[in-house]
Amino acid sequence: MTESCYRFAPSPTGNVHIGNIRVAIFNWLQARHCGGEFVLRIEDTDQQRSTPAAIDNLLQVMDWLGLDYDREPLYQSARRQRHRQAAEQLLASGQAYRHGAGQDGEPVVFRIPLDLEEFAAVTTVGPVRLELMAGQPLAIDATGIAYVLPSRKGKPVPQHSCLAGMHDLRVRDAAGNTLFSLPEQLPAIVRGEQCFSSDAATILEFTRRQVSFHDLVKGVLAKPLDSLRDLVVVRSDGSPVFHLANVVDDVDQGVTDIVRGDDHVENTYRHLFLFHALGRTPPRYAHLPMIVNPQGKPYSKRDGAAFVGEFRQQGYLPEALFNYLALLGWSPGGDREKMDRQEMVSLFSLSRVQRTAAQMDLRKLDNLNGQYMAELPLPDFIARARDQAAQYPWSTQAEPQLFARVAALMQSRTKKMTDVEDWQSFFVELPDYDEKETRKHLSKPGAAEALAELAEGLGQVEWEEEALEQAVREAAEKHGVRPGKLNQPLRLATTGAAVGAGIFETM
């Protein structure tokens, strides 16, 4: 086994979001950079949503983007028995309990460990004194500590902490009398032999501890233990929960580094305890900031194409999309944007992943894709363009030789394959006209008259660029149109659009 192992562990439920595939790209780049393994785990335990079609779609997307993996994919649904065995191990060691009467069919709950002296991820913060909301109930039992704090507006805010969260807890009333001392009663509480409740409790005094880890992107992250609850790891129907399955599979696959979205940071705090309880060293973690729109909100379908399949349908090349997503939140240094895959592998480092959210900019992606389009061998570009054109009605009139000439003209001006739709003016008698642009340019003084005269005279002109340009210049001068100012009206009359290749090349 290699020294490092990175994994991509999606839960395929349909289309593959660019945020998820960016996670795969970063894992792949880091694994290839350091000579480690890149493995694929399909977390398909949600059998209603993780359909065969969704899984096939995921595999096709990875193949299209060239994200190869070093072992056969691991299907989490096939490992249910292994996950149950881990739950039984936790039950046998007293690190989990069945919630309720203790009979089969009750959920299995993982207890945040009480003995944390040898767990380096947990450190002491210091003494804490919480003032409870008067008259509200306090309850302590094997599942934790339930209490109520007042909000700033004096409203009750229910809270719940695991037993480990309030080290050396003392419960006091308004007079300062001790109503309950957790250290003395803890063994009986854990065994379920004792519980405590009171409406007279007003003060909680305890030693706060926190769990922390060094994130390879975000730095040191920490969370107070009193904000954690014990964790359900097996549902009442016997199905393992994500948390347990995720950790057990990471252990069995030998995963050393976990690179994933920062929506998993809260899960990581809990997973550290599961690794500890299973006697395993936790992997290194790196959490990637989300992808946002220009307003700073999570990027979604409302902002444009959001799924990999949509970008593919819109004519983006896989090399360009891979390149763009790799640079969405990571910088190799300098102003480099277009890079081949080997360059990205050699330069990639998690230390250069930005801590702030990455903004999706479709214009940058279009420009980058256009650069990749321009570098395609012409025969390849023609073939791709012909495939794209086949879905448009005018393609039946596109004679192959003329189509090849048009493709050669337009290749450097094509940003994505769907731009081929705009080539229709080369193959139809009259194009579709942009009414707004037509009114704007043809209403200028002398434009319509100059075009009318030009139309009559073009039949006598050699259809070469220089001759066409001379004819247009003469018509413009005759009708008082400044040199070059007839080009835009001519483009509209010829192609129906306001932008395109050079007008004389186009003609």
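Me: In this predicted model, a residue counts as buried under 20% relative accessible area and as exposed over 50%; which residues of α13 are exposed on the other side of the helix?
Reply: Helix α13 runs over residues 435-442, and its buried residues are E437, T438 and H441. These buried residues cover an arc of only 100° around the axis, which puts them on the same side of α13. On the other side of α13, the exposed residues are E435, K436, R439 and K440.

Me: Against which helices do the buried residues of α13 pack?
Reply: The residues in question are E437, T438 and H441, the buried ones of α13. Their packing partners are two helices, residues 447-457 and residues 487-495, that is, α14 and α16.

Me: What radius of gyration does the protein chain have, beside that of a compact globule of 507 residues?
Reply: The C-alpha atoms fill a box of roughly 105 × 55 × 40 Å, taken along the principal axes. For a compact globule of 507 residues a radius of gyration near 23 Å would be expected, but the value for the protein chain is 33 Å.

Me: What share of the contacts in the protein chain between residues at least 6 apart in sequence joins residues at least 24 apart?
Reply: The protein chain holds 17 helices and 19 strands, and 48% of its 507 residues count as buried. A contact here means heavy atoms within 4.5 Å. Among contacts between residues at least 6 apart in sequence, the share joining residues at least 24 apart is 69%.

Notes
Residues are numbered from 1 along each chain as its sequence is written. This is a predicted model: local features need pLDDT of at least 70, side-chain atom pairs count only at pLDDT 80 or more; totals for chains, interfaces and linings use all residues. Side-chain values use heavy atoms; hydrogens and water are left out. Helices (H or I, at least four residues) and strands (E, at least two) are DSSP runs, numbered from the N terminus. The radius of gyration is taken over C-alpha atoms; the globule rule is 2.2 Å times the number of residues to the power 0.38. Buried means under 20% relative accessible area, exposed over 50%, partly exposed in between (1.4 Å probe, protein chains only). The arc is that of the directions from the helix axis to the C-beta atoms.
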